[in-house]
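The exercises below are to be worked with the sequence and the model open side by side. Each task is followed by a solution in steps.

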Amino acid sequence: MSLKRIDLLICCGSGCVSAGALKIKERFHEVLAENNITNEVNIIETGCMGPCDYGPVMVIYPEGIFYQKVTPEDVEDIVKEHFLKGRPVTRLMLQDKDKTIQIQKDVPFYHKQIKVALENCGYINPDSLEEYIATGGYEALGRVLLEMTPQEAINIIKESGLRGRGGGGFPTHIKWQMVHDNTQEKVKYIICNGDEGDPGAFMDRSLLEGDPHRILEGMMIAAYCMGASEGFFYIRAEYPLAITRIKQAIEQAKELGLMGQNVFGTDFCFDAEVRTGAGAFVCGEEMALISSIEGQRGNPTPKPPYPAVQGLWGKPTVVNNVETLGNIPTIISRGAEWFASMGTEKSKGTKVFALTGDIRNTGLVEVPMGITLRELIFDVGGGMIGDHKFKAVQLGGPSGGCLTADHLDTPVDYENLKARGAMMGSGGIIVMNEEKCMVNVAKFFMDFCVEESCGKCSPCRIGLKQMLEILERITSGKGKEGDIDELLRLGESVSKLSLCGLGQTAPNPVLSTIRYFRDEYESHIRDQSCNSKVCLDLMHFNIDKERCIGCSLCARKCPTNCISGSREDKYTIHQVDCIKCGNCFDVCPVKAVEKIPGMHPEIVERQKEMAKAAKRNDD
Amino acid sequence: MKTLADLKKIREKAQEDLKLRSGNTRVKIVVGMGTSGIAMGAREVMKTFLEEIATRNLTDVLVTQTGEKGLSSIEPVVDVIEEGKDSITYGNMTPDKVKKVIAEHIVNGRIVSDYVVQTGN
C-alpha cells in the first residue's frame, strides 16, 4: 500500500553531486525518519536538471517547487515546513530581480529551451526501467519493429533532417542507408560514440547518466534499420557512472525481453555491450574508436574506406553520437514533421549544449537550432557575471573557434557557425569576459591538441608542436615579427594535410583568434604587453602609494620577500624578484595593488643587460 | 514482451508511480497544515486520506497540503478541487469524516453537504 504523497527529485548530475547533493540525500533520509514520514516521501536521484550554477537543486512534486543552493542544514526546514506543514521554504527559491520563482517551469533558464534528447533527464529515475516506460519508453522501438520496414524507419529519419550531433553534422540517415543497402554482408555493427573529450563538455555524460534507456532504445532502432544485431557503447573510463547506468539498462532490458532474441516476437535479435576507453581524445574519431574496440592502439586510418563499408572487424559499421541516438525514439514517436518544424533550413531539431565560462547560468541546456548566440548566452545563460563585458565565445572545443561580440546575432546551426570560423562541435560553449587573453586561450587549446595528438601523421604531430612553441614564445614576451604569418601558414598546412579530424580542426582556435583578435597577438609581440593582464611575463604588479595604507599585509604574504616599506613610506614591489604569484593582489584590504599590462621598465632594462652580458661571453 | 499491448500494460502500471509528477489528476485534495490545523489533527486527517486512497486504489486523486488558511475555528480544513468545478471546502474534519468524504464525494461525486463550510473560492 503506497502512502506516497511527495516526489522529491534531487539532481544528482556531477555538478550537484560535487556541490553536496549526496550528503543532502542522506540528510533527508535521516530527517524523514526522525519525523516518521519516510513512507510518505519518494526520494529520487535524477540525472542532470541543467542549471548547474544553482546547485544543488531539487524539485518537489506534486507542486513542482524548485529549490536551489540547498545545504544539508536546510533539509530540516524543508521537511518541517514544506513536507509537514505545506509551507514551501521561500528563502531557498530562486530570486530573479525582485520576483521569487516558486516552480521549476517558471525558472527563466528553462524558458527558451525545448527538451527532446534531454526530455527525461532530471525528471525520471535513471535506475528505473519502469519510469522510462511510463514516459512512453520503448514504444517507438515496438512500433518500428512491428509496424515498419527498416526502409520506412530510415525514411522517417531522413524526413526529420537529423544530422550527427557529435560535431561534423553528417546526415544520420545516409550512414544508416549505406549499411542497410549492403545486403551481402550478414554481420553489421552499431556503435554509440560516448568518448566525449572536449574540455568543458558534458552533454553525452549527462545523457548516458540521466536517461540511459533512451540511448539504448535509439541504438536498437538504428540496429533494426541497418540490419545489425550487435552494438557497442564506447564510453571513456572517466565516466564510471555512465558506464554503470548503461550496463544496468542493458541488464534491465534483457530481463524484460526488450533486448535479446526475437524482440517483440519479431525476427529482430540484438545484444549490446560496453567498451571502456582509456580517455584518449583521438578515440572520439570514428576510425580510431573502431581500432580501440578491436583491441588495437587508438589510431585513425585513412578514409575511405568509410566505416559504413569497412568498419569494426572489417564489417559495415555505423558510429553514432550519444545525442544523435537520444533523438531517435522521440522522432519516431512524434513524427519527422514535428522534428523538422524546429530549427533552420539545413539544421533541424534541437541541440544540447554544455554552457560554461563567465556567465551566470552555467549548465546543460537544449535549445532549438537557429537560436542566436545572443539568446543562448544572455537569455538562457543569464548574461555575464558581475559588471563584466562579453568578449568572446568559444564553440566546439579544441576543434572549434572563437566568435566575438559582432557575431552575437548569428543563428546557431552547422552552416552559420562554420562560415564564421567556429563549429557546432559536440556542443561545448565557453563564454569569456574581457579579462581573458585570447592568445592564452589559443595556447591552452593548442597545448591540449599537442598532448592528445596520436602521432601517426607528421602534420599533426610536428606541425601542432611548432605552433605551440610559437604561441609559448609569444606569451612569454619573446615573440618575433612574422610569427603571426608563420602560425597562419602552419595552421593551414596542418588543416589540409592531417589524416583525421583531430589534426584537421586543431588549428581552428588559433586561426579564429588571429582572425578576430589579431591586435592582441600584435600587442603581445610588438609592445610586449598582454592587455588582459593574463600572460604573466607581459604584465606586472604595482602598489599605488596613494591608496596604500601601509598595513604590511602584502609584505608578510609575499613568498619571495620582494615587497618592502613602512607605514610612513608605504610599500613597494621589487620587480626583479617578483614571481607574480598574485598573493599581494589578493590580500590587499584597500585594493592598492594593481595589475598593469606590459613589462616593468626595470625588467626590460635587466633583460637588455643580460643579453649584453651573454653576447660578451660569446665574444 | 511480445506485443505493444504488453508494453502498454507495464506502462500503465508504471505511470501510477509517476502520478505525483505528471499533474494529470482528476481530484486534488488540499489539507490545511497550519499550526492550528496540525494542533486540531490535520496530520491524522491527511494520513487517513492517504490510506483510504491507497486501499481503494484511487489512481487519479492527489493529496497535497497548504499552510494556514485563516479558518482556525473550524480546523482541520480540507479543500477538494476538481477540474472545471467549484472547489469545496470541508471543515472540522476527522478521520471518520474523511472516510465518508472519500466514499461519497471522491468516489461517487456526491458532496457531503453536512461538512461543507465554503464553496468556490
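**Exercise 1. A helix pair in chain A**

Which residues in H16(A) meet which residues in H17(A)? Then describe the geometry of the pair.

Solution. The model is a predicted one.

Step 1. List the contact residues. H16(A) contributes A:Val439, A:Asn440, A:Ala442, A:Lys443, A:Met446, A:Asp447, A:Cys449 and A:Val450. Facing them in H17(A) are A:Leu464, A:Lys465, A:Met467, A:Leu468, A:Leu471, A:Glu472, A:Ile474 and A:Thr475.

Step 2. Sort them by class. The contact of H16(A) with H17(A) has 10 nonpolar, 2 polar and 4 charged residues.

Step 3. Take the axes. Helix H16 covers residues 438-452 and helix H17 residues 458-475 of chain A; their axes come within 9 Å and cross at roughly 150°. H16(A) is therefore roughly antiparallel to H17(A), since angles over 145 degrees fall in that class.

Step 4. Give the hand. The crossing of H16(A) past H17(A) is left-handed.

**Exercise 2. A second helix pair**

Treat helices H6 and H7 of chain A in the same manner, beginning with the angle at which they pack.

Solution.

Step 1. Helix H6 (residues 150-160) and helix H7 (residues 172-181) of chain A pack at about 160°, and their axes are 8 Å apart. This angle makes H6(A) roughly antiparallel to H7(A).

Step 2. H6(A) passes H7(A) in a left-handed crossing.

Step 3. From H6(A), the contact takes A:Pro150, A:Ile154, A:Ile157 and A:Lys158. From H7(A), the contact takes A:Thr172, A:His173, A:Trp176, A:Gln177 and A:His180. By class these residues are 4 nonpolar, 4 polar and 1 charged.

**Exercise 3. Two open sheets**

In what order do the strands of the 4-stranded open sheet of chain A run, and in what order those of the open sheet of 5 strands?

Solution.

Step 1. The order of the 4-stranded sheet is S2-S1-S3-S4 (chain A), with mixed pairing. Strand S2 (41-46) and strand S4 (65-67) of chain A each have a single partner strand, so one side of each lacks a neighbour in the sheet. Neighbouring strands here are turned by 20° against each other on average, direction ignored.

Step 2. Look at one pair inside this sheet. Strand S1 (residues 6-11) and strand S3 (residues 58-61) of chain A pair in the antiparallel sense over 4 bridges. In this pairing, A:Leu8 has A:Ile60 of S3(A) as its bridge partner.

Step 3. The sheet of 5 strands has the order S12-S11-S15-S13-S14 (chain A), and its pairing is mixed. At its edges are strand S12 (363-368) and strand S14 (401-404) of chain A, each pairing on one side only. Its neighbouring strands are turned by 30° against each other on average, direction ignored.

Step 4. Look again at one pair. Strand S11 (residues 350-357) and strand S15 (residues 428-433) of chain A pair in the parallel sense over 4 bridges. A:Thr356 stands opposite A:Ile430 in S15(A).

**Exercise 4. Backbone exceptions**

Where in chain A are A:Pro304, A:Pro305 and A:Lys580 placed, and what is the backbone like at each?

Solution.

Step 1. Recall the usual case. Most residues other than glycine have a negative phi, and most peptide bonds are trans.

Step 2. The bond joining A:Lys303 and A:Pro304 is cis, with omega about -5°. The peptide bond from A:Pro304 to A:Pro305 is also cis, with omega near 5°. A:Pro304 is in the loop between helix H11 (286-293) and strand S10 (317-321) of chain A, and A:Pro305 lies in the loop between H11 and S10 as well.

Step 3. A:Lys580 is not a glycine, yet its phi is positive, about 60°. A:Lys580 sits in the loop between strand S18 (570-573) and helix H22 (583-587) of chain A.

**Exercise 5. The chains and their contact**

How many residues of chain A are in contact with chain B, and which element of chain A gives the most?

Solution.

Step 1. Chain A has 23 helices and 19 strands. Its radius of gyration is 28 Å, close to the 25 Å of the globule rule for 619 residues, so chain A is as compact as a globular protein of that length.

Step 2. Chain B has 5 helices and 5 strands, in the order α-α-β-α-α-β-β-β-α-β from the N terminus on.

Step 3. In the contact, 29 residues of chain A meet 27 residues of chain B. The elements of chain A that give two or more residues are S1, helix H3 (75-85), helix H4 (129-134) and helix H5 (139-147). H4(A) gives the most, with 4 residues.

Step 4. By class, the side of chain A that touches chain B has 14 nonpolar, 5 polar and 10 charged residues.

Technical notes: Residues are numbered from 1 along each chain as its sequence is written. Chains are lettered from A and ligands numbered from 1 in the order in which they are written. This is a predicted model: local features need pLDDT of at least 70, side-chain atom pairs count only at pLDDT 80 or more; totals for chains, interfaces and linings use all residues. Two strands pair if DSSP finds at least two bridges between them. Axes are lines fitted to C-alpha atoms, for helices over the stretch in contact, and angles run from 0 to 180 degrees between N-to-C directions. Angles under 35 degrees count as roughly parallel, over 145 as roughly antiparallel, 65 to 115 as roughly perpendicular and the rest as oblique. A crossing is left-handed if the near helix is turned anticlockwise from the far one by less than a right angle, and right-handed if clockwise. Two residues are in contact if their C-beta atoms, placed from the backbone, lie within 7 Å. Ala, Val, Leu, Ile, Met, Phe, Trp, Tyr, Cys and Pro count as nonpolar, Asp, Glu, Lys and Arg as charged, and the others, Gly among them, as polar. The radius of gyration is taken over C-alpha atoms; the globule rule is 2.2 Å times the number of residues to the power 0.38.
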